[in-house]
Amino acid sequence: MLSRWRDITARRPWRISAKLLIISSVVTVIGFSAICVNVMLDMRRGEEALARQTLENLATTIQSDVSRNVEIYDLSLKAVASNMLLPELATVSKAIRHLILFDHATTAKHFGAIQVFDSEGKLAIDASTLDPLPENRSEEEYFKVHRDNPSTGLFISRPMLFRGAYSIVMSRRISDTDGGFLGVVAGSIRFSYFHELFERLNLDPEDTITVLKHDRTIMMRRPFDLDIIGTNLNDRRAWKSDNLPVGASYSGQGPVDPTPRLYVRSGDSGPLFVVAGKPLAAVFALWRKEAIRIGAVVMMLALFVLGSTLVLAREIGRRAEAERKLEEMATTDALTGLKNRRKFDSVIDVEWRRAMRQKVPVALIMIDADHFKAYNDTFGHQAGDQVLVGIAICISDSVSRAGDCAARYGGEEFAVLLPSISATDAFKVAEAIRSKVQGWSDEEVISTVSCGVASLVPSAGMDWAVLVAAADKALYAAKAGGRNQSVVASLPKLSLVA
């Protein structure tokens, strides 16, 4: 069985259809494109992860610096609030009192001088001078908060103009031993501290750094805008706190401006937290260039492959058409247009084996033109050829099934193979052909045919030559019986019935 298969494949060269070539090329292009898209998406995710990590480190660094300075300044406020309860302060001079209260107070160019206000909001002590000018801060938010809420610890106010400079005011309550309200100690961190801090960072012009209180009030922002400083994001209904939880990131439009950015929020370890933002256009700028470059290369390769495929497909189609025409020429009778003897032998062999496997009959009609030699000698070969063409047309008109095979068997003899058909039905086809030929003839010369019909179910050990011999004997019987008739061979004894 294996050797037979090898013989068949050796005789029949492998052929690939143009449609299969196009489909395989399209699938290949789609596959490579999908791989490239997946790689580019991985690159995009990598760029976003790198930017997120960078912003996270930036936000954490800024928050650490801010929290450290707030904590240091808060220690000074605590020390002043605690020392205000010392009884000896009332007996010492102003200079000694300053030394006691502010000896350990942190001083820096960005820190405002610490002030102490009494229970009525009046300025009592100022670290910057021994004789401060009169001030009253009883209407300030930080004073009211400490007066009305004894449990309030460090309070950081909204950004404000404090002592001639925009600052963040930090304050603590001064309470007596019984918890009574004695006043407020307050200090400030000027905006210049944040400006200097941000200037030390290597940031792009569109990068943002936002410092916020936990109630979502913007304390400071880069780029600096006084209209935004002090805004509480709770008032922006379009922006929800769930968009950017602690230690998380968010991609899209933020609450301040419409520029889409990647935002990263720092941890929650101090009274203030930091949000660092970078425009998505800048995050993916390098990736976009690479994606365009790779996409262009893949597009050119895809166009080249598809173009080459179309050219090859066209050539394959032309070759297939040429082979089909050559095969048709090799298997078609040039005069009548019917199959030739070679093709007939191939078809009957295939149909005989199929009928043997399926246990179905196969029928054969042998047809011969009556008195053709005399007609040919009388009217010439050209007229004889016209008769053969006319008979072939009548046969083609009578044989309509796809599996039927009509062939010129040789000279003026024709054969019609009818798979899966009984002798009775084959006889009807033969009579239809004979009637059409007789009706087609002109009045001067009447052309007729004789038909021999045979039908049988092949069995093991039987060759299809048996069927041909039976149809031939039936044809001879038709001619011996007077011509222009159809005769069916009775099998297996091959007795003839008109």
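**View A. The hairpin of strands S4 and S5 in the predicted model.** Two residues lie between S4 and S5 in this hairpin, and Arg163 in the turn has a positive phi of about 55°. Strand S4 comprises residues 160–162 and runs antiparallel to S5, to which three bridges join it. Met160 has Ser167 as its bridge partner in S5.

**View B. Pairing of strand S3 with strand S5.** S3 covers residues 155–156, and two bridges connect it to S5 in an antiparallel arrangement. The bridge partner of Phe155 in S5 is Ser171.

**View C. The hairpin of strands S5 and S6.** Strand S6 spans residues 181–190; nine bridges join S5 to S6, and the two strands run antiparallel. Arg173 is paired through a bridge with Val184 in S6. Five residues separate the strands of this hairpin, where Gly179 adopts a positive phi near 90°. Strand S5 itself, residues 165–175, is mostly covered, with eight of its 11 residues buried.

**View D. Helix H7 and its surroundings.** Helix H7 extends over 47 residues, from 285 to 331. Because a helix is expected to advance 1.5 Å a residue, H7 should span 69 Å; the C-alpha atoms at its ends are 67 Å apart, in agreement with that expectation. The buried residues of H7 are Trp287, Ala291, Val298, Ala302, Thr309, Ala313 and Thr331. Among the elements that cover these buried residues are helix H2 (residues 18–83) and helix H8 (residues 341–358).

Methods. Residues numbered from 1 in each chain as written. Predicted model: local features only at pLDDT ≥ 70, side-chain atom pairs only at ≥ 80, totals over all residues. Heavy atoms only, no water. Helix = DSSP H or I, 4+ residues; strand = E, 2+ residues; numbered from the N terminus. Expected span 1.5 Å × (residues − 1). Buried < 20%, exposed > 50% of the residue type's maximum accessible area, 1.4 Å probe, protein only. Contact = heavy atoms within 4.5 Å. Pairing = 2+ DSSP bridges.
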